[in-house]
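Visitor: Could you take me through one part of this model in detail, namely the enclosed space inside it and the aromatic rings? I would like a careful, connected account.

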Amino acid sequence: MLRRTGIIGILIGLLAFLLWAPTTAAAATAPAATAVRTAAADGECAVLAPGASAAAERAIAAACAQVAAGVWYTWGGGHGPQPGATYGQVDPTDPASEHDPERLGFDCSGLVRHAYAQATGVDMLNGVASAQYYTHRAAERFTAAQGLAPLLPGDLLVWGTSQKLHHIAIYLGAGKMVEAKQSGTRLMVSDVRLTGSYYGAVRVNTGPVTGHVFQTWGNGVWTKAQPSTKAARVYALAQPTTIRVECQKHAELVTSDGYTNDAWSYLPDYKAWVTNIYIKGPAWLDGVPTCTF
């Protein structure tokens, strides 16, 4: 009788352990998931999803440090000779910017520039939102139709049209982003706005640059859907810009700014063409293959 009782007790204890163990294991994983949900709900500025590169995590940390410091949005801020906060300017289209010249801070692209410079030690995103989105350092691009599903923390979200991108922010994960939004506000964490003029996102390659890299000259230089001045406009290079050239071909003869040339280059980051007149270098670029399309 005592033996049977002892065996029954052991069996009951073993059964209780088996029922309890999975619950404990599940509970052990709960804090991490709960932490992400809580951080997202509370608007905490941090990496809110897995999968980011170490450089992207450092960029987020740099941007979030500015949020924690209560730094202001200021129009034109962050575009000095070196990355970092600068005093802003009055935006003629925005009455709320009247105090921006008195505020040390960032505009949207100034914050992105600062964050990735801090993360990598290289001023790799020096430019406005369009130059940052069309960077020759793009690892991958995503359309608005793809939504947030393929994005990782550190990806750059942009708003605007194919002719003008006007805003950029850094994705945190969990549907949140850190941004310098507008005059009269401080840097903030926001819900990602997928409605309206959301255009897409880009993942920054912080490693070695591949391909044939050149510099353009001139302001407001339009890229074209085909190698022709009559083709549809794709995007204007607002200022001298670093570009990646995939190939070049002889096409329409163009005369502009005192130069004549029939060579055009295909820019894979823009999915567009530009006359070689506006690319620094010889009329036919050295080392660049001829396009087969």
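**The cavity and the aromatic rings**

Guide: Please keep in mind that this is a predicted model. By class, the lining of the largest cavity is made up of eight nonpolar and three polar residues, with no charged residue among them. The space in this largest cavity comes to about 70 Å³, and the structure holds one cavity of 30 Å³ or more. Its lining consists of Val128, Ser130, Ala131, Tyr134, Tyr235, Ala236, Leu237, Ala238, Gln239, Thr241 and Tyr270. Two elements, α4 (129–133) and β12 (233–237), each give two or more residues to that lining, and the largest share, three residues, comes from β12.

Turning to the rings, Tyr134, Tyr235 and Tyr270 belong to one aromatic cluster that also includes Tyr133 and Tyr199. The ring of Tyr133 has the charged end of Arg141 sitting over it, 5.3 Å from the ring centre, while Arg193 lies over the face of Trp159, at 5.4 Å from the centre of that ring.

The count of aromatic pairs comes to 10. One of them is formed by Tyr266 and Phe293, which meet edge-to-face with 5.3 Å from centre to centre and 85° between the planes. This pair links distant parts of the chain, since Tyr266 is in strand β15 (residues 259–267) and Phe293 is in the segment after β16 (272–275), 27 residues apart. Tyr266 has a relative accessible area of 16% and is therefore buried, whereas Phe293, with a relative accessible area of 45%, is partly exposed.

Technical notes. Residues are numbered from 1 along each chain as its sequence is written. This is a predicted model: local features need pLDDT of at least 70, side-chain atom pairs count only at pLDDT 80 or more; totals for chains, interfaces and linings use all residues. Side-chain values use heavy atoms; hydrogens and water are left out. On a 1 Å grid over the protein atoms alone, a cavity is a set of points where a 1.4 Å probe fits but cannot get out, and a pocket is an open set with protein on both sides within 12 Å along at least five of seven lines; lining residues have an atom within 4 Å of a point. Grid points are joined across faces, edges and corners, and a volume is the space filled by probe spheres set on the points. Helices (H or I, at least four residues) and strands (E, at least two) are DSSP runs, numbered from the N terminus. Ala, Val, Leu, Ile, Met, Phe, Trp, Tyr, Cys and Pro count as nonpolar, Asp, Glu, Lys and Arg as charged, and the others, Gly among them, as polar. Rings of Phe, Tyr and Trp (its six-membered ring) pair if their centres lie within 6.5 Å; planes under 30 degrees apart count as stacked, over 60 as edge-to-face and the rest as tilted. Buried means under 20% relative accessible area, exposed over 50%, partly exposed in between (1.4 Å probe, protein chains only). A charge sits over a ring if NZ of Lys or CZ of Arg is within 6 Å of the ring centre and within 35 degrees of the ring normal.
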